[in-house]
Amino acid sequence: MERSGSLASSSSLGTILLAAVILMFQTWNFSVIAEAQNASIPAVFVFGDSYGDTGNNDYIPTFSKADFPPYGRDFVNHRPTGRLSNGKLMSDYFVELLLVKELLPPYLDPKLQDSDLITGVSFASAGTGLDNLTSELLQVIPVWKQINYFKEYKARLIKMVGDERADKILSDAIFFFVIGTNDFIFNYFTFPFRSLHYTVSQYTDFLLQTYASYIKDLYSLNARRIALINVPPLGCLPIERTLHFVESKGECVEEINRAASGFNEGLSPMMEHLNPALPELKIVTLDYNGLILDFIQNPSKFGFAVTAKACCGTGFIEAGLLCNQLTPFTCADADKYLFFDSVHLSQKAYEIIANKFLGRNIFGLVANTMTE
């Protein structure tokens, strides 16, 4: 009996200690976000693909759009905006959590006001990649053109606020880059143009070299704080599980996941190589891949019920034009799903990701902002 009581006491003590650790972590996470908010980040800019595109593709001739239902059904006024989700993207949550503004507008929106421009915009384009061929295949905005738009933006900013303030805004801003997914799933593993001439490793090296050149371009335009969002576990996207069902039996496709991991592992050496040449650069990577794997492996911890298929339609193949208001079987509650369509996440997933990112890696960039 005494031994039983001792075990019960130990169990109770363990429970109390676990609760204390969880509370400490949550308090730390909230305090980090609070410090980020107090840093007065003047602007946020996003470059890359659909994970960051808040509507630029609405203004170019491409099929890679999301300006129709059910996209946007849980957004403000329940309307589609070009965001490939049921609501907000992580881009929107970044600016909201950093107290910059409520939403991050697309740069190509002709209705943008000066106040919108000063506090940042998204240059991202759904379907694009680091490889120019990727953007050509989908007829979207290549990264080099996104950089050119940023040059145009900087000139407009200088006209509005002058050289000195413009330089200060850009040097204190946070630049997010989310790119690489389409180079693998819509280019290398779908068409033979690159796979016939490059091994996965060689293609990855090519992408990383291209990535480094774009970071240098941004640095030359006074970007000093850059966050690189790595690619998700691509073989776990519902569309890849479906297309490779015979070999994967509906599970994550390991060959494609290995390609994603190889790319992500190459980011750190790439950044180390950049540092000597770009001495004022503050750069971090954000582990998008790890978070999504955590969602898949521990769905209930985050409130998800379904992670292997998407909310839209059957959940196995529908994305973009195939996910529309005539698509049958679309779910009633997207918050229960990790994916809204077969490639893109739900609003709830993006909200969790943004909070996680700002509570971890972004603090390094923010701390540098506060001390200068």
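In the predicted model, helices α7 and α9 are oblique to each other. The axes of α7, residues 181-188, and α9, residues 200-220, come within 11 Å and cross at roughly 135 degrees. This value falls outside the range of 65 to 115 degrees for roughly perpendicular axes and is not over 145 degrees, the limit for roughly antiparallel ones, and the pair is therefore classed as oblique. The crossing of α7 past α9 is right-handed. On the α7 side the contacts are made by D183, F184, N187 and Y188, and on the α9 side by V200, Y203, T204 and L207.

Helix α9 also packs against α13, which spans residues 267-274; the two axes come within 10 Å and cross at roughly 40 degrees. That angle makes α9 oblique to α13. As with the preceding pair, the handedness can be assigned: α9 and α13 form a right-handed crossing. The contacts join L208, Y211, A212, I215 and K216 of α9 to L267, M270 and L274 of α13.

A further partner of α9 is helix α5, residues 143-161, which packs at an angle of about 5 degrees with the axes 11 Å apart. Because the angle is about 5 degrees, α5 is roughly parallel to α9. Here V143, W144, I147 and F150 in α5 are in contact with Y214, D217 and L218 in α9.

These helices belong to a protein with 17 helices and 4 strands. Of its 372 residues, 55% are buried. Among contacts with a sequence separation of 6 or more, 73% are between residues 24 or more positions apart.

Aromatic side chains were examined next. The protein contains 33 aromatic pairs. One of them is formed by Y188 and F189, whose ring centres lie 5.2 Å apart with an angle of 80 degrees between the planes, an edge-to-face arrangement. Y188, which also takes part in the contacts between α7 and α9, has a relative accessible area of 9% and is therefore buried. Two rings carry a charged group above them. The charged end of R224 sits over the ring of Y219, at 3.8 Å from its centre, and that of K348 sits over the ring of F304, at 5.2 Å from its centre.

Several local features fall in the loop between β1 and α2. The bounding elements are β1, residues 44-48, and α2, residues 90-97, and P70 is found in the loop between them. The peptide bond joining P69 and P70 is cis, with omega at about 5 degrees. H78 lies in this loop as well, and its phi is near 55 degrees, a positive value in a residue other than glycine. H78 counts as exposed because its relative accessibility is 61%. A comparable backbone feature is found at L99, in the loop between α2 and α3, the latter comprising residues 114-118. Phi of L99 is near 60 degrees, again positive in a residue other than glycine. With a relative accessibility of 57%, L99 is likewise classed as exposed.

Two other residues of the loop between β1 and α2 are buried. N57 is placed in this loop and has a relative accessible area of 2%, so that N57 is buried. When neighbours within four places in sequence are left aside, the contacts of N57 are with T62, S64, K65, S125, A126, V140 and I141. R83, also found in the loop between β1 and α2, has a relative accessible area of 5% and is therefore buried. The C-alpha atom of R83 is separated by 8.2 Å from that of K65, a residue 18 positions away along the chain. With residues up to four places away in sequence not counted, R83 touches D53, T54, A66, Y71, F75, K88, L89, D92, L103 and L104.

Terms used: Residues numbered from 1 in each chain as written. Predicted model: local features only at pLDDT ≥ 70, side-chain atom pairs only at ≥ 80, totals over all residues. Heavy atoms only, no water. Phe/Tyr/Trp six-rings, centres within 6.5 Å; stacked < 30°, edge-to-face > 60°. Buried < 20%, exposed > 50% of the residue type's maximum accessible area, 1.4 Å probe, protein only. Lys NZ or Arg CZ within 6 Å of the ring centre and 35° of its normal. Axes fitted to C-alpha atoms, helices over the stretch in contact; angles between N-to-C directions. Parallel < 35°, antiparallel > 145°, perpendicular 65-115°, else oblique. Left-handed = near helix turned anticlockwise from the far one by under 90°. Contact = heavy atoms within 4.5 Å.
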